[in-house]
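Here's a quick walk through the strand pairing in this fold, plus a stop at one residue in a loop. Have the model open as you read.

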Amino acid sequence: MAASYPKLQLRKLGNTGLKTSSVGFGASPLGSVFGPVSEEDAVASVREAFRLGINFFDTSPYYGGTLSEKMLGKGLKALDVPRSEYIVSTKCGRYAEGFDFSAERVTRSIDESLARLQLDYVDILHCHDIEFGSLDQVVNETIPALQKLREAGKIRFIGITGLPLEIFTYVLDRVPPGSIDVILSYCHYSINDSTLLDLLPYLKSKEIGIISASPLAMGLLTDYGPPEWHPASPELKSACQAAAAHCKKKGKHISKLALQYSLSNKDISTVLVGMNSVRQVEENVAAAEELATFGRDEETLSEVEAILHPVKNQTWPSGIQQS
């Protein structure tokens, strides 16, 4: 008999009326992005996530060249629960073949995504990694196209995603209020980089829902370390490696500490974590429950922060920013 957990905490997502679980299911690994995942494992991990109280699932046609959406669709169908019981976000504008934020492409994109997901609508459609396109095109062409999709009932809310934090203020300052509901930021609210904090008052003033992804900094804050392609500097990689080794010596896991750090800011509605197995789902939910019951391990956290202090808030370049 699997251990039973109290339900995960639900948090308001900006002004949307949605309440997301504090831990969100990042479905990019279901596209075999980090190694092969069987359909059986994909479906089982989605079912276990839902059983343990995760109600938010995020994907993109870019992940695994559309495979992530197909696998997530199969997992959600297997839940066999009313559609209103879970929240799904997918993305548009970034594809295996490249970037295209044109109105024509994103309008076609949602129909393709809905077919793969086996859904009539998604709750959130994000423009994916907008720093790689023209931000002015996103403002003047993409967002208006998404508003038409919202009117057509294919999507409920509109979001934007990317790495450099300044893209969010650039776009939000230029679109009519209420046309963008949420943002998805990644790698900027973790132990080694908490620069998203500076943006929270601005986002809250605009009633924007805040989703943070990559609490493990795309593998930096793990025992096994980042993938070879990780764009961090050698200095940042070795500091994170030293921090992980310190945790291990104390019988702790840096990945759990990192997830709990990200989860402890209640202004962030949900923290997206990539998952592709029942074991990973159970570990992530257990980390959230442990945090809710016992709080953070402040001693180990402060030791890790001291190790990472010389590289704190060091990021890496992403995309081509065009004004």
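Which residue in strand 12 does G26 stand opposite? The partner of G26 is G274. Keep in mind that this is a predicted model.

That glycine pair belongs to a parallel pairing: strand 3 (residues 23–26) and strand 12 (residues 270–274) are joined by four bridges. Strand 3 also has strand 4 (residues 56–58) as a partner, again parallel, with two bridges between them. Here F25 has F57 as its bridge partner. Strand 3 is covered on both faces: V23 and F25 are buried on one side, and G24 and G26 are buried on the other.

Now zoom out. The strands form a closed barrel of eight, in the order 3-4-5-8-9-10-11-12, with parallel pairing. On average, neighbouring strands of this sheet are turned by 30° against each other, direction ignored. Elsewhere in the barrel, strand 5 (residues 87–92) runs parallel to strand 8 (residues 122–127), joined by four bridges.

Some pairs worth clicking on:

| Residue | Partner | Partner's strand |
|---|---|---|
| G26 | G274 | strand 12 |
| F25 | F57 | strand 4 |
| T90 | L125 | strand 8 |

Finally, the loop residue. D181 sits between helix 5 (166–172) and strand 10 (182–186). Is D181 buried or exposed? D181 counts as buried, because its relative accessibility is 13% and the cut-off for buried is under 20%. Leaving out residues up to four places away in sequence, D181 touches T16, R150, F157, I158, E207, I208 and G209.

How values were computed:
Residues are numbered from 1 along each chain as its sequence is written. This is a predicted model: local features need pLDDT of at least 70, side-chain atom pairs count only at pLDDT 80 or more; totals for chains, interfaces and linings use all residues. Side-chain values use heavy atoms; hydrogens and water are left out. Buried means under 20% relative accessible area, exposed over 50%, partly exposed in between (1.4 Å probe, protein chains only). Two strands pair if DSSP finds at least two bridges between them. Contact means heavy atoms within 4.5 Å. Axes are lines fitted to C-alpha atoms, for helices over the stretch in contact, and angles run from 0 to 180 degrees between N-to-C directions.
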